[in-house]
Amino acid sequence: MAKMTNTKYGYVTPQEAEMDAHLDKWMKRRANKHGAFSLDKKRRKQHAKNQKMPLS
């Protein structure tokens with residue numbers, strides 16, 4: 001039986017721990033690439049939403 005390692009997901013095999021670490025890194029890179037943690041983007045969208053449309 002493989003030696004179990006305690007991770008933030010519980011006790012897993014070393015191979016599962018390696019896969020989890022790889023997936024976590026990938027998800028973090030993808031989120032940063034798409035601006036998931038960008039407060040400026042959120043502020044711009046909210047600011048644009050609060051502006052009134054000019055009547056013409």
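**Results: a short β-β-α-α protein and its contacts**

Lys3 lies in the segment before strand E1. In this predicted model, that lysine makes a convenient starting point for a walk along the chain. At 69% relative accessibility, Lys3 counts as exposed, because the cut-off for that word is anything over 50%. Exposed does not mean without partners here: leaving aside residues up to four places away in sequence, Lys3 touches Val12, Thr13 and Pro14. The C-alpha atoms of Lys3 and Thr13 are 6.3 Å apart in space, while 10 residues separate the two in sequence.

Met4 is also found in the segment before E1. With a relative accessible area of 36%, Met4 is partly exposed; the value falls in this class because it sits between the 20% limit for buried and the 50% limit for exposed. Which residues does Met4 touch, once those up to four places away in sequence are not counted? The contacts are Tyr11, Val12 and Thr13. Pro14 stands 10 residues from Met4 in sequence, and the distance between their C-alpha atoms is 6.9 Å.

Tyr11, one of the contacts of Met4, has its place in strand E2, which covers residues 10–12. The relative accessible area of Tyr11 is 60%, so this residue is exposed. Together with Met1 and Met4, Tyr11 forms a nonpolar patch on the surface. The accessible area of these three residues together is about 460 Å².

Attention now turns to charged side chains. How many salt bridges does the structure hold? There is one, and it joins the side chains of Lys8 and Asp24, with 3.5 Å from N to O. This pair links distant parts of the chain, since Lys8 belongs to the loop between strand E1 (5–7) and E2, Asp24 belongs to helix H1 (residues 14–33), and the two are 16 residues apart. The partners can also be described by their accessibility. Lys8 has a relative accessible area of 69% and is therefore exposed, whereas Asp24, at 26%, is partly exposed.

Helix H1 itself has 20 residues. From its first C-alpha to its last, H1 reaches 29 Å, close to the 28 Å expected at 1.5 Å a residue. Gly35 follows H1, and its phi is positive, near 75 degrees.

With these details in place, the whole chain can be described. The secondary structure consists of two helices and two strands, arranged along the sequence in the pattern β-β-α-α. The protein has 56 residues, and 7% of them count as buried, which means that these have under 20% relative accessible area. The accessible surface of the protein comes to about 5800 Å². Carbon and sulfur atoms account for 58% of that surface.

How confident is the predictor, and where does its confidence change along the protein? The average pLDDT is 78, and 62% of the residues score at least 70. Confidence is highest in E2, at 92, the strand that holds Tyr11. Confidence is lowest in helix H2 (residues 39–50), where the mean is 58.

Note on methods. Residues are numbered from 1 along each chain as its sequence is written. This is a predicted model: local features need pLDDT of at least 70, side-chain atom pairs count only at pLDDT 80 or more; totals for chains, interfaces and linings use all residues. Side-chain values use heavy atoms; hydrogens and water are left out. Patches are made of residues with over 30% relative accessible area and no salt bridge: like charges are joined within 9 Å, nonpolar side chains (Val, Leu, Ile, Met, Phe, Trp, Tyr) within 5 Å. Accessible areas come from the Shrake-Rupley method with a 1.4 Å probe; for residues, only the protein chains shown count as cover. A salt bridge is a side-chain nitrogen of Lys or Arg within 4 Å of a carboxyl oxygen of Asp or Glu. Helices (H or I, at least four residues) and strands (E, at least two) are DSSP runs, numbered from the N terminus. Buried means under 20% relative accessible area, exposed over 50%, partly exposed in between (1.4 Å probe, protein chains only). pLDDT is the predictor's confidence in each residue, from 0 to 100. The expected span of a helix is 1.5 Å times one less than its number of residues. Contact means heavy atoms within 4.5 Å.
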